[in-house]
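Reader: I'd like to go through the empty spaces in this model and hear the reasoning behind each label. Could you take me through them?

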Amino acid sequence: MTRPSFRFPDGFHWGAATSAYQIEGSPLADGAGPSIWQRFAHTPGMMSNGDNGDVACDHYRRYKDDVQLMKALGLHGYRFSINWARVLPEGTGRVNAKGLDFYSRLVDELLENGIAPNVTLFHWDLPAALDDRGGWLNRDSAHWFAAYAEVMFKSLDDRVPRWATLNEPWVVTDGGYLHGALAPGHRNRYEAPIAAHNLMRASGAGIQAYRAHGKHEIGVVFNIEPKYPHSDSAEDLAATRRAHAYMNQQFADPALLGSYPPELKEIFGDAWPDFPADDFKLTRQKVDFVGINYYTRAVVKHDPHAYPLKAVPVRQPNQTYTETGWEVFEQGLTDTLVGFRDRYGDIPLFVTENGSAFYDPPVAENGVVDDPLRTNYLRKHLKAVHKAIEAGVNLKGYYAWSLMDNLEWSLGFSKRFGLYHVDFATQQRTPKATAKLYAQVIQSNGSVLDDA
Ligand code: BGC
């Protein structure tokens, strides 16, 4: 019998992902401290439509039902994040037992249903009390983070097989410190590289803490958006290199190579500090895996007026774009995985997020949400993942973003990425057609894609 062409390797790990502020709701319940997202969302003008995470998917209270949604899909793993300020309301010091207990109960519920927890320690919601002390601009942030991580390892590592320090540090610094579209809303070229550097020091300190207190696996999650030149001109090629260094290498290089790419100095100019050489001993730690979040690519063109990269993305004719304005380009996922392996070596990789926002019709009377564009995106990207495995990439698993529609940060509830549709007025969850395809993919370990 010939092996079906899209069958994945035995033991391939299938999951779905979410993050705390995007789904939990009840941000201040049971003694939790406020996070920077709680503050940002309650600052007028920062969020589309005045949305906020006060209720979101009400997962804090409905987590048991949500685990049943995962079980219905047949998920092997669930990737979620901890709201740091639930556990440490002031960010450091005093532990809030009730906050910790929520995550402990969630982990137990997952395990009872045969789903492996994959815990991200930081998915953007820094405790507000730490922001008051300078947040990621303060070099002490690495120690704050490691102390918080230690609390989590000590209480959950007996049951959590896989941890990540940070989710997408690039987004934190680009959105939070350079352009101000995300919390904490700063617009400062001098701050962005410092915040970036301290995030990677924190990740390194968190991994060190894990080596002392943990027994399973720890890694870090990067968003990678491959850059392709608009033309072969020297200017466009240089612009493409800058865009790639800024978004894709600024974080992975200090973590995995112990250095920064030279383009960063060119981009930031006098705002680029001379970081102490010793810091790279902290940033560069052995990781057990790297998580890669992939959504789209950019085709890059030189533009002397574009801040700070002197580069702009060029919209591609005849291509499908999602509701967040991202080109559907599945070859970019294959290129990303192969390119990552080629630069950083044979580290076990996971796709820790991949998904798309498209307009969804209201739930039909027969209970169906037909989402053909999202289904098509999933199908194409899974085939692209398979292609990377065939090219020899050591890819261990794939997590769809997202388990359910949720708060898309400052875009509020307007962008739907879920496998499950959420009616935010009633909290009713309904599987979309994409969820049905994904369940079949999991059940057949990819073989269903042969005919799709
Ligand atoms: C983030 C998610 C976000 C998704 C879609 C990633 O950047 O990790 O929190 O919802 O992309 O924008």
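Author: Let's start with the largest pocket, which holds about 1200 Å³ of space. This is a predicted model, by the way.

Reader: Which residues sit closest to the centre of that pocket?

Author: Of the 49 lining residues, Trp170, Asp174, Glu225, Met247 and Trp326 are the closest to the centre of the largest pocket. Helix H8 (169-178), helix H10 (234-249), strand S8 (298-302) and strand S9 (311-313) each give two or more residues to that lining. The top contributor is H8, with four residues.

Reader: What makes a residue count as part of the lining of a pocket?

Author: A lining residue needs an atom within 4 Å of a grid point of the pocket. The 49 residues of the largest pocket are its lining, so each of them has such an atom. By class, they split into 28 nonpolar, 12 polar and nine charged.

Reader: How do you know which space the ligand takes?

Author: The ligand takes the space of the largest pocket. The test is that more than half of a molecule's atoms lie within 2 Å of the grid points, so the ligand passes it for the largest pocket.

Reader: Which residues are around the ligand, and what puts them on that list?

Author: They are Gln22, His123, Trp124, Asn167, Glu168, Tyr295, Trp326, Glu353, Trp401, Glu408, Trp409 and Phe417. The cut-off is a heavy atom within 4 Å, so each of these residues has one that close to the ligand. This shell has six nonpolar, three polar and three charged residues.

Reader: Why is the pair between glutamine 22 and the ligand called a polar contact?

Author: A polar side-chain atom of glutamine 22 is 2.7 Å from a ligand oxygen atom. The limit for a pair of N or O atoms is 3.5 Å, so the 2.7 Å pair qualifies. Asparagine 167 also has a polar side-chain atom 3.0 Å from an oxygen atom of the ligand. For glutamate 353, an N or O atom of the side chain lies 2.9 Å from a ligand oxygen. Both distances are within 3.5 Å, so these are polar contacts too.

Reader: How much of the ligand does the protein bury?

Author: The protein buries 94% of the 310 Å² that the ligand exposes when taken alone.

Reader: What lines the second largest pocket?

Author: Its lining is Pro226, Lys227, Tyr228, Leu237, Thr240, Arg241, His244, Gln249, Glu263 and Asp335, around about 170 Å³ of space. Strand S6 (227-229) and H10 each give two or more of these residues, and H10 gives the most, with five. The classes come to three nonpolar, three polar and four charged.

Reader: What makes a space a cavity and not a pocket?

Author: In a cavity a 1.4 Å probe fits but cannot get out, whereas a pocket is open. There are five cavities of 30 Å³ or more. The largest cavity has a volume of about 70 Å³, so it clears that cut-off.

Reader: Which residues are closest to the centre of the largest cavity?

Author: Asn354, Gly355, Arg374, Leu378 and Trp401 are the closest, out of 13 that line the largest cavity. Helix H15 (372-390) and strand S11 (395-401) each supply at least two lining residues.

Reader: And what lines the second largest cavity?

Author: Ala20, Tyr21, Glu24, Gly25, Pro27, Gly53, Asn83, Arg86 and Asp125 do. The volume of the second largest cavity is about 50 Å³.

Notes:
Residues numbered from 1 in each chain as written. Predicted model: local features only at pLDDT ≥ 70, side-chain atom pairs only at ≥ 80, totals over all residues. Heavy atoms only, no water. Polar contact = N/O pair within 3.5 Å; in protein donor to acceptor, adjacent residues only side chain to side chain. Areas by Shrake-Rupley, 256 points an atom, 1.4 Å probe, with all protein chains shown as cover. 1 Å grid on protein atoms, 1.4 Å probe; cavity = no way out; pocket = protein on both sides within 12 Å on 5 of 7 lines; lining within 4 Å. Nonpolar A, V, L, I, M, F, W, Y, C, P; charged D, E, K, R; others polar.
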